[in-house]
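Open the structure in your viewer and keep the selection tool at hand. The stops below go from the ligand outwards.

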Amino acid sequence: MECISFSTEVLVLGAGAAGLVAAIEAAQSGAKVLVVSKMGPQDTNCTISAWGGFTYAPESRVHELFRQVVETSGYLANQRLVEVFAHRAPKVAQYLADFGVALDVLDEADKKNQLGIVKLRGKGRTTGLALTTRLRARAEELGAKFLDRVMVSSLVTEDGRIAGVVGVDLADGKLLSISTKAMVLATGGGACLYGRTDNPAGATADGIAMAYEAGAELVDLECVSFQFPANRLDGLFAVKNAPDEGLLRFGGAHYYLGGLRIDERARTNIDGMYAAGETTGGVFGAARLGGAALADAVVFGAMAGKETAIIAMERQTNGLSRAHVERERRRMEKMLASKGTPAPEATERLRAAMWRYAGTMKTRQTLEQAGRELDALEPLRGDVRAANPAQLRDALEFLNLLTVARLIVAASLLREESRGCFWRLDFPKPDNANWARNIHMWQSGGKAQVAVRQSVMSRLTPPTQPRIGAGCFPYLPPTEP
Ligand SMILES: Cc1cc2nc3c(=O)[nH]c(=O)nc-3n(C[C@H](O)[C@H](O)[C@H](O)COP(=O)(O)OP(=O)(O)OC[C@H]3O[C@@H](n4cnc5c(N)ncnc54)[C@H](O)[C@@H]3O)c2cc1C
């Protein structure tokens with residue numbers, strides 16, 4: 001495989017809402033920006049397929065928005081992140097309108113001085129294209145460059161600092177080595193891990209898996225939001241022998257509430273690496289309000305873009321270590337030469353197992369079965385087949401999904417309660433005494449590490465009784481202004 005090297009100041013992985021806003025802000029601040037996406041500009045990512053609602057709050061209701069996000073999260077949200085979100089979300093609609101994005105205010109929220117939803121104009125599975133097209137055009141005007149249909153396969157760190165990435169051009173199979181001074185990870189969530197989902201193909205948690213392998217800390221990975229008909233939820237919690245065949249036909253995975261741990265400046269624990277959007281965790285805990293995901297992607301995408309531009313001014317790029325690039329070359333050449341299981345077949349087995357045993361109807365028993373199913377898939381790590389360069393994407397996605405599946409199953413076994421969108425049928429009630437806590441996961445010296453820590457309750461405490469529900473939650477009844 002031929003290898004081409006690039007160098008940039010700010011590297012943005014992902015061209016959904018979070019990545020595009022990060023690119024705009026970094027370029028606006030004067031940085032040389034390169035955006036890499038495994039999809040083309042018209043291919044449907046989550047931002048493009050979104051219904052298009054954004055959380056909206058009048059400036060006077062910031063504290064109310066803060067309370068609603070924290071309570072909806074079941075008090076798992078990091079309240080310092082929610083502070084940032086609640087203060088900036090009210091400005092998102094105007095920010096986007098300034099780029100020419102057409103938005104409608106629903107419910108006339110502003111007039112009633114209440115929380116509401118601002119929606120992208122349009123309907124259907126490509127509503128968000130109006131948003132991504134405008135944002136990309138603005139990023140390009142500011143000088144940002146785009147590499148489309150390039151799949152990043154691993155992140156490279158040097159002495160604990162992000163140094164760049166290795167990827168593959170899916171059109172011609174050339175290996176790319178990209179060095180950078182700073183990076184924004186905005187690769188979205190991974191709801192395609194489950195056999196049933198409303199997410200478009202490609203939501204495969206690549207960033208979460210690659211970041212974990214590079215030493216990043218993850219939080220709340222067990223918190224995946226599932227759609228499920230409200231009138232069947234009681235029936236679900238009454239299931240005695242999970243999984244119930246009839247109920248497996250309902251619902252689907254919608255949103256990753258967990259992901260990379262970030263701080264108020266969108267920094268991860270890897271020096272120089274920032275993250276934003278659905279690939280992160282901590283802002284929403286166990287459940288989120290409808291419209292909050294897009295607003296979050298814009299708020300933290302903008303923050304990450306600005307911050308990376310600042311540190312890019314102070315740093316040098318070093319080329320990537322040859323050893324790392326060679327390792328990636330060997331890995332991909334092996335997949336291309338393999339006579340083993342085709343990647344799409346391996347992925348289907350994984351998705352079926354995760355939906356059946358680790359989806360809506362989780363118990364200790366089903367999760368342990370999920371673990372055994374994952375063990376059976378583990379040998380495919382060294383033997384999954386990509387018939388051509390385009391199928392390298394399928395193969396790499398399978399490996400990323402398998403990594404994240406293991407983490408989700410492990411974290412789901414630990415959390416012995418139900419809260420927000422996290423449901424354990426053998427522990428159907430919330431347990432504030434023991435579980436108003438976050439599960440953190442990372443690797444150290446090649447070994448998996450787990451810590452259960454008190455959630456950051458910098459303002460609102462003690463936790464109220466958490467809500468339990470499906471999908472995105474509606475606003476709570478408002479308190480008086
Ligand atoms: C059907 C549906 C409706 C929704 N409706 C709403 C709504 O109305 N309101 C709301 O707030 N939220 C909604 N959501 C959720 C919201 O759309 C997403 O959470 C949000 O768009 C995520 O944005 P993002 O930028 O983080 O990631 P995405 O938009 O998913 O973008 C991820 C990007 O990363 C790139 N990428 C991933 N892996 C790699 C890799 N290995 N190498 C290179 N590039 C990579 C992809 O190509 C893509 O460009 C909806 C989601 C769905 C599925």
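Which atom of the ligand lies 3.2 Å from a backbone N or O atom of Ala 17? Select Ala 17 and the ligand: the partner is an oxygen atom of the ligand. This is a predicted model, in which local features need pLDDT of at least 70 and side-chain atom pairs count only at pLDDT 80 or more, while totals for chains, interfaces and linings use all residues. Residues are numbered from 1 along each chain as its sequence is written, and side-chain values use heavy atoms, with hydrogens and water left out.

Next, select Met 39, where a backbone N or O atom lies 3.5 Å from an oxygen atom of the ligand. Then take Gly 53; here a backbone N or O atom is 2.8 Å from a nitrogen atom of the ligand. Of the 1000 Å² of accessible area that the ligand has on its own, the protein covers 95% (areas by the Shrake-Rupley method with a 1.4 Å probe).

Now show the shell around the ligand. It holds 37 residues, each with a heavy atom within 4 Å of the ligand. The closest are Ser 37, Thr 47, Gly 53, Glu 278 and Leu 294. Colour the shell by type to find 17 nonpolar, 14 polar and 6 charged residues; Ala, Val, Leu, Ile, Met, Phe, Trp, Tyr, Cys and Pro count as nonpolar, Asp, Glu, Lys and Arg as charged, and the others, Gly among them, as polar.

Switch to the cartoon view. Elements that each supply at least two residues of the shell include α1 (17-28), β2 (33-37), β7 (150-158) and α10 (292-314). Helices (H or I, at least four residues) and strands (E, at least two) are DSSP runs, numbered from the N terminus.

Stay with α1 and add α7 (residues 129-141): the two pack at an angle of about 20°, with their axes 9 Å apart. Axes are lines fitted to C-alpha atoms over the stretch in contact, and angles run from 0 to 180 degrees between N-to-C directions. α1 is therefore roughly parallel to α7 (angles under 35 degrees count as such).

The last stops are in the backbone. Most residues other than glycine have a negative phi, and most peptide bonds are trans. Select Arg 149, in the loop between β6 (145-148) and β7; its phi is positive, near 55°. Go on to Pro 243, in the loop between α9 (233-237) and β12. A cis peptide bond joins Ala 242 to Pro 243, with omega about -5°. Finish at Pro 462, in the segment after β17 (447-454), where the peptide bond from Thr 461 is cis, with omega near 0°.

Terms used
A polar contact is a pair of N or O atoms within 3.5 Å; within protein, one must be able to donate a hydrogen and the other to accept it, and residues adjacent in sequence count only if both atoms are side-chain atoms. Angles under 35 degrees count as roughly parallel, over 145 as roughly antiparallel, 65 to 115 as roughly perpendicular and the rest as oblique.
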